[in-house]
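Student: Please take one part of this model, a sheet and the helices packed on it, and go through it closely.

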2 protein chains.
Amino acid sequence: MLSHLSRSLARSLSGCPSSSARLLPQNQGLGRSSGAAAVRAVSTSELFKDLSKIAGERQVTSNANDLRQHAKDESIHDAAEPQVVVYPKNKKQISEILKYCNKNRVPVIPFGAGSGLEGGTSAPTGGVAIDMQAFKKILRVNSEDFDCTVEAGVTWRTLNLSLRGQGLWFPVDPGADASLGGMCSTSASGTNAVRYGTMRENVLNLEVVLADGRIIHTGGVNSRARKSAAGYNLTNLFVGSEGTLGIITAATLRLHAVPEMQVSAVVHFGSPRGATDAVVEILQNAVPIARVEFMDELTVQACNAYSKTSISNKPTLLLEFNGSEAGVKEQVEAVRVICDDNGGTEFKWAENAEQRAHLWKARHAVLYATCAMWPNMKCYVTDVCVPISHLPDLLESTKADIEKSGVVGTIVGHVGDGNFHAMLLFDPNDPSSFAKVKALGDRMALRAIELDGTCTGEHGIGLGKKELLLKEHGEDCVSVMKAIKLTLDPNNILNPAKIFD
Amino acid sequence: MLSHLSRSLARSLSGCPSSSARLLPQNQGLGRSSGAAAVRAVSTSELFKDLSKIAGERQVTSNANDLRQHAKDESIHDAAEPQVVVYPKNKKQISEILKYCNKNRVPVIPFGAGSGLEGGTSAPTGGVAIDMQAFKKILRVNSEDFDCTVEAGVTWRTLNLSLRGQGLWFPVDPGADASLGGMCSTSASGTNAVRYGTMRENVLNLEVVLADGRIIHTGGVNSRARKSAAGYNLTNLFVGSEGTLGIITAATLRLHAVPEMQVSAVVHFGSPRGATDAVVEILQNAVPIARVEFMDELTVQACNAYSKTSISNKPTLLLEFNGSEAGVKEQVEAVRVICDDNGGTEFKWAENAEQRAHLWKARHAVLYATCAMWPNMKCYVTDVCVPISHLPDLLESTKADIEKSGVVGTIVGHVGDGNFHAMLLFDPNDPSSFAKVKALGDRMALRAIELDGTCTGEHGIGLGKKELLLKEHGEDCVSVMKAIKLTLDPNNILNPAKIFD
């Protein structure tokens, strides 16, 4: 049996929330289910024996550490353990595993980098975690066509490192170094979505193993076409399906040209509303800004402490401008005037590439920074997204609700999309503390839904937001989703209990 | 009974191919099915009586003209007539009609502007055509959020007219003045897709009546959020489903800012390869070009004759640059150099707004221009899309195949997406002539599939490309599409025989 500790070790060192073995006292997580008490369709020893025949004995484990590591992501959701973990070497093995599991009604939970935020890796009814770490080949880069095909276990940072020197990059950048398969599954986005779109706009084709073991290519067997009107858009059905419809083994992605010039800046405001009003105005003036991120004072404080930045302790926008020299100059001038008009002060440049890289590295680490600042607390992180005109109101009401609730919470977000995150801290030894942040997060999501928005812009539903999905989409719409799920996975083996029950 | 002749009259005047009552001798269309011979689930007189109770007698017709007009789109596919046409006034009536039709196994075929190109309006097993002409309200424009909600019968030109003066526009522009519901159904695109995306990227939410009469909002009951990770992406499942999964009654669309400056130009080349090589280079240099359209010599000739343009009779690119003054200047300089390097000559500007509008109006009318140039012939129009690097080869081999086959055909396309159209002329009185163009179109599609592309970039599958869909996606993938279809429409009442059998 192999030892597969590298990622969990890396997480321990990074101080990320999932590095502690169990995040909440038993029965205190969100989206808890009957979990350990569920009847196993097949005993663990049988599973071990049967899967070893398919994947090889060295690729299957029921070691307690492995099980624990694969149960949890970076969220506070109940991390129910699978019975075994398999490390398949190729899609043929995944196909055989799924055929076996489908026949024997064994749950299958795909595992990428474990960086999800809604409990997608939890195995509430046991079964098999499929670790995609062997799927790390970049299969093809078509630099002329601005596309590439990668195996599902490749992370976005690895992909971008390998593209260096080719004048190309893949812009979707969630905070963690997520796997691209996982990013497809959760419809991830990040700081660049305001300009370059989310996974939905950047996936051209997916290779997927279905519940019955068949392997399909959602966009056509070989297609890399930019657009297609051939049949149903299965690619975007699987993007965001959180492992409930099939296991993604490879993805064909759009790439983009590295801009001639990339310039970053920081600007401060007297209040969050000043900052968000400026963002609304920037977008309404159609400035093609590449990134516009908001951090509140507490986030800035955590960020300065953790990442050794020296950002003024005020509501802050991090900005990035991409384009030609003349284009960037125009954008900067326009944005500067808008920020001034909205009370922006201390407009400062990242003076060189290192400063720029440091700034964005710090931004990507704010979850870890928040956790590190309050080491005895746990962090419930949740996101919402609304039309940009409603952003100032929602952000202000959320901040007021945080204060009124007596909760410590930071707010940070991809405000150019109308998308922001609240990181709400609670005492893991005090159930009432957790109940308070959960209620607070739910109120924020309900307000977002009322304001023509969604209960999640990029984290997904997972275990944590099933009730909110129903509220947002209505029963008829969710019943359509469920009908599709049952059609493609009639035995409900694929990541059961996620998105809906 | 109302008279609903305005659109068909307009089409007659425009000289578009569907203005002739029957396009092909009986049994000569593509995708023919048992059509008129099919057993009707419910007799026409019963249908008339029952639907009159739901929609009102004045909203139901079985008048021969109405039936004929609703059977056909702008394609040469067999136009099998429905038994009745209904003009529902609101979504509640559509819901009641679908409940009735679902219970009685009556086919339902939605009808927008009738401008489709793959036979989507044909009723091979009879049933009810639902004409969406009453759905013409622009329900809401949120100029601050760059979105709007429209009823399905609004056309893209009407929407853009109503947005004038607000600094906003909707960029998806198929040649014909299609309805936005129809454009959602076929996943339409057009000349602006290279910069602004297709319908897939520009639809935020859809109101859909399901086969059983339930009404859902695919993106959430009220959501207009820019991005969402809440549940399955049903919006993009319905976009491109060609009326086979539900009837779209309203759509929430992304709008874009009217650019500060829009400049158009024309440039000529010694060969199609020179033109397409230039396009490949423009894209590889990441010039954010707004439009780049190819016309071959014959198309130019037809266009000059029909639209009174005076474009030199050579392989031609029509270009458009959007942006700020400085941005446009930069783009123009870059593109000019690239065109020069690839043998481009006579780079000419549209000197004012009228010239620019005339140029693009002429481009949008090339199908009508082609038909008008050969008035005794019929035109089979088909499209394919490949990764941009394969475009020069595919375009060249297609032109060679047209010549070798002794067929008259024009080639025109949204080459910035790798997408082009062949308009192949045939003698409607000579079956072998039609067989020849059909075989030619199929060979072009098969070559596109071999070159990592798709058999249709924007027209859809409809009646005409079912075999090609199977070739492109493989049986397992198409079986997934069929399974979803049967789940949402178990009685196969929604636009039967389209996409697959």
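Tutor: An angle between a helix and a strand runs from 0 to 180 degrees and is taken between N-to-C directions, along lines fitted to C-alpha atoms. The model is predicted.

The part in question is an open sheet of seven strands in chain A, with antiparallel pairing and the order E15-E12-E14-E13-E17-E18-E16. Its edges are strand E15 (345-349) and strand E16 (378-385) of chain A; each has a single partner strand, so one side of each lacks a neighbour in the sheet. On average, and with direction ignored, neighbouring strands here are turned by 15 degrees against each other.

At the E15 edge, the partner is strand E12 (residues 261-268) of chain A, which runs antiparallel to E15(A) and is joined to it by three bridges. In one bridge, A:His268 has A:Thr345 of E15(A) as its partner.

Two helices of chain A lie across strands of this sheet. Helix H16 (residues 431-450) of chain A lies across E16 and strand E18 (419-426), and runs at about 165 degrees to E18(A). Helix H11 (residues 297-307) of chain A lies across strand E13 (291-295), strand E14 (316-323) and strand E17 (409-414), and its angle to E17(A) is about 90 degrees.

One residue of chain B can be added. B:Arg363 belongs to helix H13 (residues 353-364) of chain B. Its relative accessibility is 6%, and because buried means under 20%, B:Arg363 counts as buried. Beyond its neighbours within four places in sequence, B:Arg363 is in contact with B:Thr191, B:Glu293, B:Met295, B:Leu318, B:Val412, B:Gly413 and B:His414.

Notes. Residues are numbered from 1 along each chain as its sequence is written. Chains are lettered from A and ligands numbered from 1 in the order in which they are written. This is a predicted model: local features need pLDDT of at least 70, side-chain atom pairs count only at pLDDT 80 or more; totals for chains, interfaces and linings use all residues. Side-chain values use heavy atoms; hydrogens and water are left out. Two strands pair if DSSP finds at least two bridges between them. Helices (H or I, at least four residues) and strands (E, at least two) are DSSP runs, numbered from the N terminus. Contact means heavy atoms within 4.5 Å. Buried means under 20% relative accessible area, exposed over 50%, partly exposed in between (1.4 Å probe, protein chains only).
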